[in-house]
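Here is my notebook for today's session. I went through the model one topic at a time and wrote down what I looked up.

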Amino acid sequence: MTTANILAIADQQQAVAAVLFYIFAGISAISALGVVISRNIVRTAVFLLFTLVGVAGLYFLLNAEFLAAVQLVVYAGGTLILIIFGVMLTSKSPFSRFEPKAVEVVIAISVASVIFFALVLAITRTKFAVNPTDFTAYPIDKLGQTLLGDFLVPFEIVSVLLLVVMIGAAYLAKGRRREAD
Amino acid sequence: MPTPALLLLIATLLPLASFTILLFIGKRMGTPLAGVLATLAIGGSFVCSMIALMVWLNPSGQYFDPSRQTMIEWGANKNPINLPYQWVPIGPGIQQDHPNFMDVGIYVDSLTIVMFSMITLVATLVHIFSIGYMREDPRFPRFFTYLGLFCFSMLGLVIGGTLLQLFIFWELVGLCSYLLIGFWYEKKSASNAAIKAFITNRVGDFGFLIGFGILFYHLGNVTLPKMWMLLGDAGFGHDITLASGVIFPAGLLTVMGVGLFFGAVGKSAQFPLHVWLPDAMEGPTPVSALIHAATMVAAGVYLVGRIFPILTPGAKLFVAITGVTTLTMAALIALAQTDIKKVLAYSTLSQLGYMILAMGLGSWIGGLFHLITHAFFKALLFLGSGSVIHAAHHEQELPQYGGLIRKIPVTGITFGVAVLAIAGFSIAGWGFSGFYSKDMILAHAGAFGYLAESSGKSSAYWLFFYLPTIIAYVTAFYMTRCWMLTFAGKPRNQHLYDHAREAPIMWAPLVALAVLSVIGGKYLGVSELLQSGIRESTQYCRAVVPKFDGFGTAWPAEATTTTEGAEPTAAASSDIMEKGHELMHHCVGWAWLVGIGLGVIIYWNGYSIAGPLTKFPPVNYVRIWLYRRMYFDELYFSVFVAIVMALSWLSATFDKYIIDGIVNGVGGLVKRTAFLAGWNDRYVVDGAVNGVATLSQELGAAVRAPQTGRIRMYVTVLMVAIGLGLAGAIIVTLSR
Amino acid sequence: MEIGLTHFLILAAFLFVCGIASIMLKRNAIGILMGVELILNAANVNLVAFNRFSYGTINGQPVLAGQVFAIFVIVLAAAEAAVALAIFLNFYNNFATIDVERAQNLKG
Amino acid sequence: MQILSDTSNFFFEKLILGDNPPLWQTIVFDLVVIAAGFAALVSVIAMFCIWWERKVAGHMQSRIGPNRVGPIGILQSLADGLKLLLKEDLMPRDADWFLFRLAPYLAFAPAFAAFLALPFAPNLVFEPRLNVGVFWVLAILSVEVMGVILAGWASNNKWSVYGGMREACQMVSYEIPLGISIIVGVMAAGTLNMVELGHLQSGGLHTWLIYKNPFVFLAFIVYFIASLASNKRAPFDLPESESELVAGFHTEYSGLRFSFFFFAEYGAMFVVGGIQAALFLGAWNDPFGLIGFYFHKFSHDGNTIGLIILNLIGLSIFIGKAMTIIFVQMWLRWTLPRPRIDQVLYACVKVLLPAACAILLGAAIWQLLVPDRPGYPWVDYNPFSAHDWIYSPAGNGTLGLITQIVLMLIGVGVSTAVVMWVLYAAASGRNLKQRLTDPAPIERAPAV
């Protein structure tokens, strides 16, 4: 294989990566917009699902396969279902809507666009450090070692926190039933 | 051949397993089964400890060597097992075993092995006893759950190789003590006692934390032998220069030692934190036997034994004073108590005082030896009292007993054996277990006195000998009183007497402990093993620090230097020891006979002699003073309450005179001004007042308005603010 | 054009802004929760992208701190959702609605 | 990873496109594979399974099942599909039109996407470099539940909502034991990559991961039960239990949309069975390790024809294994009664989850204490040579070998017993069935 050949292939792969990025970014961005615009709470949840899936795709592009899978399992498969569950338990009419006022909409849109503009300005004008990871294969064992090595204490704390949350959520949800009895 | 470390680790984890199992399915297992499971687990620990002991004593693996006269050769002279492991990554400390890591570890030497054998043995017997004692209790499985956790924590405390581990298990042990004292939490007194024990222990633990903090700041979390090596010169009482060049000042060393010792003060219930232990007798009696007599309260002595080489002379003096105060005070109080368990509780305090005193005087072996023998006979005493209480249907007052020997003979005899043991029974140089250990302590105290004299110290140092000596007489007396009132004489409560009977399952532990109380001093080789423990640890440390002699520092004589490689000494030179021993022999040789004889004579027939005696007013006042426990509870209550009251009185006074005065003065001023100005002015004043009121109302309304309770509005305001700020930033950036 | 850090950051900024707008606009408590999830996702994208492009290697070894942080964030988001939903259920039981505008009993 | 580059990665792609093809050719190749290969595979498997299920149900209920369309009714599914295509596509008036239409695709797409990670044969894997393969399938399948919930919700029908909510809580809770039991297998293997999993198990029956240690053996059972629940298969078919909820979440669906749900269900069954085959039951390998042996031999020699044949054999073995598991699922469906929803959740949270945790702990301790034989069979060691096991680089592997052989014997014994039992039942029930299903022909019935 000649050097030129390799370069050509690298160019092509970059093109593919760009296309994929725009696809996933488009999915995420449009769905995020949908989350904001949609009046129906269940549809909002579906848009959020697409955002999450799009972000998972972005993780793939960022060489974070494991994170992508975690995103799908925990976010799309767990948290979001929990949210939809909450929607189903709390909405009186099947398509409950609470409309925001027009003033609020105007304020929200203007504030959001100002912040977005400011952020974009800041991002484009800042020179970030360049120190890319260059691994062709995703070092999943390295991730495990990092998680249980350098980040052992946060890991343990998070696990304790999860336990606390589990007990707390169960208590909160159960206390209600006792009251009703 | 499994290593002792692995065996002891298994022995530690078995009770944890029993705890976990019982925690989840204990209730389902029901009354006898849960107890049997817990007993099997701790019994397994006992077996493991015994095997570890065998392995430890015989590195060759031959237990019965026919060529030798003795079955086992005491003291294997082997290296202690010291295994530090990296645990939590932290920043670098100065002298850690593993840089950048908080270590946990295992440290096994002869002391560890002795402690393991004693704890698992007593715990096993107490478990067996409890199966009988707690049979009717509805929370039977939970009791054994707690016991499992306690055994795990206690064994973990003993096997732990770093002070951090010691502290963790220290707290766990305290938790178990809390749970078990308050086991019958329906009783207000029990739950109060539990809270009292917990809080009092916290006070001690603060001291521990302070001491540990000082140590941690200088060394990081190091293993025990490393700590000894680095700070082994503390006994000389001068500054220590660490390898990194940091200087550890002597004063700070003393503060650290006293702080660490304060943890022991709390846990071993030494003066002034002793108040919780008598109240802890509200817990079930097996718990009192296991935790509040034999093992947990001894943990304080164990801790002092572990930090012994890093105690400065000042800290040791503090330790000794604490010990001697406690032992005197507690023995006197025990004279007047009428609750059988309270008598035993104060006796425990007194004996713990002996151990702490021994530590303070530099008799490492004496203190720990007494710990072991005391564990045997005090566990026996408590289990015996448990048997009595069980037989008497939970009546604990001595005046209600009498003559029970005819109804519960086994208990009575074994109890008597324990009384003899604690009194120091001996004939012609042979005695029960308590004789040997107390002998060692008092002989050392005598030697200490001579040493102090010869090095020109104050003669007040002789108090460290004479007070314990007197108390030795007192001990024999009050223990005899307890026995006589319970078992001898005529029954004073006929109904109770008629219904008293023993439960056979409780016999086995009593008899086993009685045998141990008799032979524990001479034939089990505890002191020889402890002696070899010193030798092992010293040799281990000398491999790195050739002049290490942390366990042998003889104070108050001014130690100059230690000769390199000399045999470690537990005390002063042998001739002074000999003198001390002789003095002790003259003073207390027949103390047991005097005390017991006096007790038998006075209490021969119940209160018939003692009763009239206490009618005599001075005696009666002393009796009441002692019966009320020297008013320590009242003292603490009044002191702390008085402080709070004084503070509140202070703030009330401030309120009343200064603030009220200002307000009233202003009010009067206004009133007078108004009065003087007449009704014309009233409009002005009214207008001003109303104006102020209106103003504040308007202001309040204005401030209240944004507090809508609408989250979204808050978010919106926040975001608008940020947006405005960012907009400004954008304009600035773009215009540049 | 090569896809670089800036692209991911701008996307994350957009997601963040959408999350904020959604918090400001939704009156349904669960809608607000979803806005929060969007914001967390934006932060995650940032973390992973910075990890990938700006903080990739130390001494020739790949660094994964950003991804580990992202995992923690995901886990915490799940915990947060569980607690939040339990609170919403209680809220719904007490007010018979999920409209956060009604939660103003402590209004000054 | 070494083994992936060693054993002719993208073998078929190279075979067809040659070395270093332009990128567009690769993309087109992939698209063609997806469209022609996987889509066809999913449809064929789903249609076959539908027919098979009806056949199994028939035989278990002493009927014959479909028998009119084609020989032994094998074309029945095709006919059904045709019928469904021609049906009117109904949508309730008050349904949420957007979600109602979206839901079937949301349910079907993940099942289809999960196919891409399955290791059909050593060289027949869509993306062999997917290092989180097993986890990826789990993740994709967890998205599938969204489709079901949305279908239930969007139908605006009480029964459908109940079905959707049941699916939600059932799926969320059973995902945990499912994941933990997968972790046990992955722990034993030490990789998440599906292809590596396959190569690791290529040394004959005793190297299959299920026999690696006793805890993997137990995890296999936990996985099977949890996978039934996450696939909403009987006895955990609460979301569509017809006796209570009419048809649960797909009550309102008709025509092609309905068939999408059907395809999704059978596709998910195959995927779940495929993971089970790949993770526990030796993927594409035969019980004697022949495929593994010849595969390494052929790739070393560059024997293209041999490799193609091996891949085809591996493909059929893999599909056969997955189908066997599907058969057990069907068998259970027509045998066991359906529990209540609280019983289902009880079984998960209080029985299956603690069991799975205990198994995980046990497996971890086992792996800590018992030395393993690391490496790939036939590459690093000879799986049938005791010498290679005993002198394993990780220590003395005798205990591991003995465990694997004992477990293998148990497994083989149990499956043989079951097969014999089934055969006995089939043989002895033959007469019974004929008596039941051979009444007098309708023509000969007495006229009314």
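Which residue stands opposite Val104(B) in strand 2 of chain B? I looked it up, and Tyr85(B) is the one facing Val104(B). A reminder to myself before going further: this is a predicted model.

**Entry 1: the strand pair in chain B**

I stayed with strand 2 of chain B for a moment. Its partner is strand 1 (residues 81–89) of chain B, and 8 bridges join the two. They run antiparallel. Next I asked how covered strand 2 (residues 101–108) of chain B is. I found that 6 of its 8 residues are buried, so the strand is largely enclosed by the rest of the structure.

**Entry 2: chain B as a whole**

I then stepped back to the full chain. Chain B comes to 26 helices and 6 strands. Of its 736 residues, 51% are buried. I also looked at how far apart in sequence the contacting residues are. Taking the contacts in chain B with a separation of 6 or more, 80% are between residues 24 or more positions apart.

**Entry 3: how confident the predictor is**

I checked the confidence next. Chain B averages a pLDDT of 81, and 92% of the residues score at least 70. Among the elements of chain B, helix 4 (residues 140–159) has the highest mean pLDDT, at 90, and helix 23 (residues 610–615) the lowest, at 73. Two stretches made me careful. Residues 61–77 of chain B have a pLDDT below 50, and this stretch has 23 contacts in the model beyond near neighbours in sequence. Residues 557–572 of chain B also have a pLDDT below 50, with 36 contacts counted in that way. For chain D I noted an average pLDDT of 81, with 93% of the residues at 70 or above. For the complex, the predictor gives an ipTM of 0.71 and a pTM of 0.61.

**Entry 4: one loop residue**

I picked Glu397(B) to look at by itself. Glu397(B) lies in the loop between helix 14 (364–391) and helix 15 (409–423) of chain B. Is Glu397(B) buried or exposed? The label is partly exposed, because Glu397(B) has 14 C-beta neighbours inside 10 Å, and a buried residue would need 20 or more. Leaving aside neighbours within four places in sequence, Glu397(B) is in contact with Thr338(B) and Asp339(B). I also noted Lys342(B), which is 55 residues away along the chain, with 9.5 Å between its C-alpha atom and that of Glu397(B).

**Entry 5: the nonpolar cores**

Which residues have the most contacts inside the largest nonpolar core? They are Val122(B), Val301(B) and Ala379(B), in a core of 219 residues. I followed Ala379(B) further, not counting residues up to four places away in sequence. Ala379(B) touches Val122(B), Val126(B), Ala289(B), Ala293(B), Ala294(B) and Leu513(B). A second, separate core has 214 residues, and includes Ile107(A), Ala77(C), Phe100(D) and Phe298(D).

**Entry 6: chain A meets chain C**

Here I looked at where two chains touch. In this pairing, 73 residues of chain A are in contact with 63 residues of chain C. Which helix of chain A gives the largest share of its side? It is helix 3, with 13 residues. By class, this side of chain A has 53 nonpolar, 16 polar and 4 charged residues.

**Entry 7: chain C and a helix of chain A**

Chain C has 3 helices and 2 strands, and along the sequence they follow the pattern α-α-β-β-α. Of the 108 residues of chain C, 56% count as buried. In chain A, I looked at helix 2, where 18 of the 21 residues are buried. Helix 2 of chain A reaches 30 Å from its first C-alpha to its last, close to the 30 Å expected at 1.5 Å a residue. Just after this helix, Asn63(A) takes a positive phi of about 65°.

**Entry 8: chain D meets chain A**

My last look was at another pairing. Here 28 residues of chain D are in contact with 26 residues of chain A. Helix 6 of chain D gives the most to the chain D side, with 12 residues. By class, that side has 22 nonpolar, 4 polar and 2 charged residues.

Conventions: Residues are numbered from 1 along each chain as its sequence is written. Chains are lettered from A and ligands numbered from 1 in the order in which they are written. This is a predicted model: local features need pLDDT of at least 70, side-chain atom pairs count only at pLDDT 80 or more; totals for chains, interfaces and linings use all residues. Two residues are in contact if their C-beta atoms, placed from the backbone, lie within 7 Å. Helices (H or I, at least four residues) and strands (E, at least two) are DSSP runs, numbered from the N terminus. Ala, Val, Leu, Ile, Met, Phe, Trp, Tyr, Cys and Pro count as nonpolar, Asp, Glu, Lys and Arg as charged, and the others, Gly among them, as polar. A residue is buried if 20 or more other C-beta atoms lie within 10 Å of its own, exposed if 12 or fewer, and partly exposed in between; C-beta atoms are placed from the backbone. The expected span of a helix is 1.5 Å times one less than its number of residues. A nonpolar core is a set of buried Ala, Val, Leu, Ile, Met, Phe, Trp, Tyr and Cys residues joined through C-beta atoms within 7 Å. Two strands pair if DSSP finds at least two bridges between them. pLDDT is the predictor's confidence in each residue, from 0 to 100.
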